[in-house]
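Welcome, and thank you for taking a look at this protein with us. Please have the model open as you read.

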Amino acid sequence: MPEPLLRCNSLSKTYTVSVLSDVSFELMPGEIHALLGANGAGKSTFCKIIAGLISATSGSMTLQGAPYAPANKQQAEASGVQIVQQELNQIATLTVSENLLFNRLPHVAGWIRQRELAVRARAALDRFGLDDIPLDIPVARLGVGQQQMIEIATALDRECRVLILDEPTAALTHRETQRLFEWLHKLRAQGVGIIYISHRLDEVTELTDRVTMLRDGKHVSTRPTAELSTDAMVSLMTGDELGESFGSISCHVREKVRLRVRDLTRGRMLKNVSFDVHAGERLGIAGLVGSGRTELLRAIFGADTAERGYLQLDDDPQQHRFTSPVHAKRNGLTMVTEDRKQSGLLLTQSITTNTTLASMKRFVTPWLTIDRHREREIANRYRHELDLRCNDVDQTTGTLSGGNQQKVVLAKWLHYGGNVFLFDEPTRGVDIASRQPIYHLFEELAIEGKAIVIVSSDLEELLQTCDRILVLAAGRTTGEFHRDSWSREAIMQASFA
């Protein structure tokens, strides 16, 4: 057997409580090694130690046989250890090329050499097949999927001996995921070791060589991927004898139309999109990255103003074109955004504060103070309903794992209520064992007669949770499929239309 590329010996990390305990791990050259576990299992903490983002409380590491203890991310990168985190690490106001080469900008006497910057940035994107992404626009104008691909391209543009990918395909479509896999196979052939975190177990089965499972901050098992079925992975993840699967959904669709969308248009991203959503219906929106899925929800919710078209709600004949989320909220719409870090949460505030943020007026007392006791009661209610893993609801939201942060976003809008719920990537970063409470909430909302619109890059999720699926391509509607007659092949064909 060759010497391990990376060896971790009894790594532990303690804050006020232990989050990682005595975890040992080996990564071989040219290996894609899956790191799995439920939300809060310690996966991100473990990888942050390897990448120099935090230091271990105890334990040691070696890289190609030499002691390895990076004091910061820059030292880790200089050693050839690159990480692409679940939460994107980009500066929204800088251009694509500036983000790609940040800390490596070509310059003379402090002046950036723009021509060289453009050439090097274009070469980095072209190597990853991203020749359709312009270099001179702020990354904030791109979708999360495109931002994710730029982040990966940035990591691969540096010297890379160990590559850590934390949920890299959470916002990618099937086509972009396959492009990523092709690159990972090439890196494996070059001897690069890859640590791959994903809640999509079909990807783990297809891509990886070995699986290491963490649970409650402890090492559970390391086994060849070929020896594990997806049920076995879920069982190891949860500690149950048999992983729980999600059955077929019941239909709760009524005749009443909750939301009418007519000819909604915004620039090149949305072109005359029309559809209805009925009470009790779960409508999925499928499509490739850049198809206009997120732009559609933002235009409905007033985060972006549509140039043409209108909405109608329930039996109200009034035609709306919301100019802000405030107007949409007042008319009974709620929206869970795809980027919880930028537009979903106050990460420095508590779980309680974030849960009640959208409905703060309900907690104001006659003496103009906030009823903190009642706030905590509500936060604790959603903590249990969504299986939120935390010490208590006064915990700072930024200290939670990505999947648990997503559950706080869901709690905020579920408590606010409304008749139309817009979900953009609602299970992004949520492990397979923790998705059931979210899917159950979709069911409860449907039973209550709410209209639910779900955008997801995971087609299997839409097939599992929705009554009907609408497909977008290049900002237009290219297909509509009902549960009793849809097929994966037809939906994918419409996505490429």
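The report below goes from the overall fold to one helix and then to the cysteines.

## Confidence in the model

Please keep in mind that this is a predicted model. Its mean pLDDT is 88, and 97% of the residues reach 70 or more. One stretch calls for care: over residues 241-247 the pLDDT is below 50. Beyond near neighbours in sequence, residues 241-247 have 12 contacts in the model.

## Overall shape and packing

The protein has 17 helices and 21 strands. Along the principal axes, its C-alpha atoms fill a box of roughly 70 × 55 × 50 Å. The radius of gyration is 23 Å, which agrees with the value near 23 Å that a compact globule of 497 residues would have.

Turning to the interior, 55% of the 497 residues are buried. Among contacts with a separation of 6 or more, 65% link residues that lie 24 or more positions apart. On the outside, the accessible surface comes to about 21,300 Å², and carbon and sulfur atoms account for 48% of that area.

## Helix α17 and its two faces

Helix α17 spans residues 488-495, and its buried residues are Ile-491, Ala-494 and Ser-495. These residues are on the same side of α17 because they cover an arc of only 105° around the axis. As background, an α-helix has 3.6 residues a turn, so residues three or four places apart point the same way.

What covers this buried side? The cover of the buried residues of α17 includes the strands β15 (282-286), β20 (468-473) and β21 (476-482), together with the helix α16 (459-465). On the face turned away from the buried side, α17 carries the exposed residues Glu-489 and Gln-493.

## Cysteines without partners

How many disulfides does a search of the whole structure find? The search finds 0. A disulfide is a covalent bond between the sulfur atoms of two cysteines, and a pair counts here if the two sulfur atoms are within 2.5 Å.

Cys-47 shows why no bond is assigned to it: the closest cysteine sulfur, in Cys-8, is 9.0 Å from its own sulfur, too far for a bond. Cys-47 has 2% relative accessibility, so it counts as buried.

Cys-160 is in no disulfide either, and the nearest cysteine sulfur, that of Cys-47, is 13 Å away. With a relative accessibility of 16%, Cys-160 also counts as buried, since the cut-off for buried is under 20%.

How values were computed: Residues numbered from 1 in each chain as written. Predicted model: local features only at pLDDT ≥ 70, side-chain atom pairs only at ≥ 80, totals over all residues. Heavy atoms only, no water. Buried < 20%, exposed > 50% of the residue type's maximum accessible area, 1.4 Å probe, protein only. Helix = DSSP H or I, 4+ residues; strand = E, 2+ residues; numbered from the N terminus. Arc of directions from axis to C-beta. Contact = heavy atoms within 4.5 Å. Rg over C-alpha atoms; globule rule 2.2 N^0.38 Å. Areas by Shrake-Rupley, 256 points an atom, 1.4 Å probe, with all protein chains shown as cover. pLDDT = per-residue confidence, 0-100.
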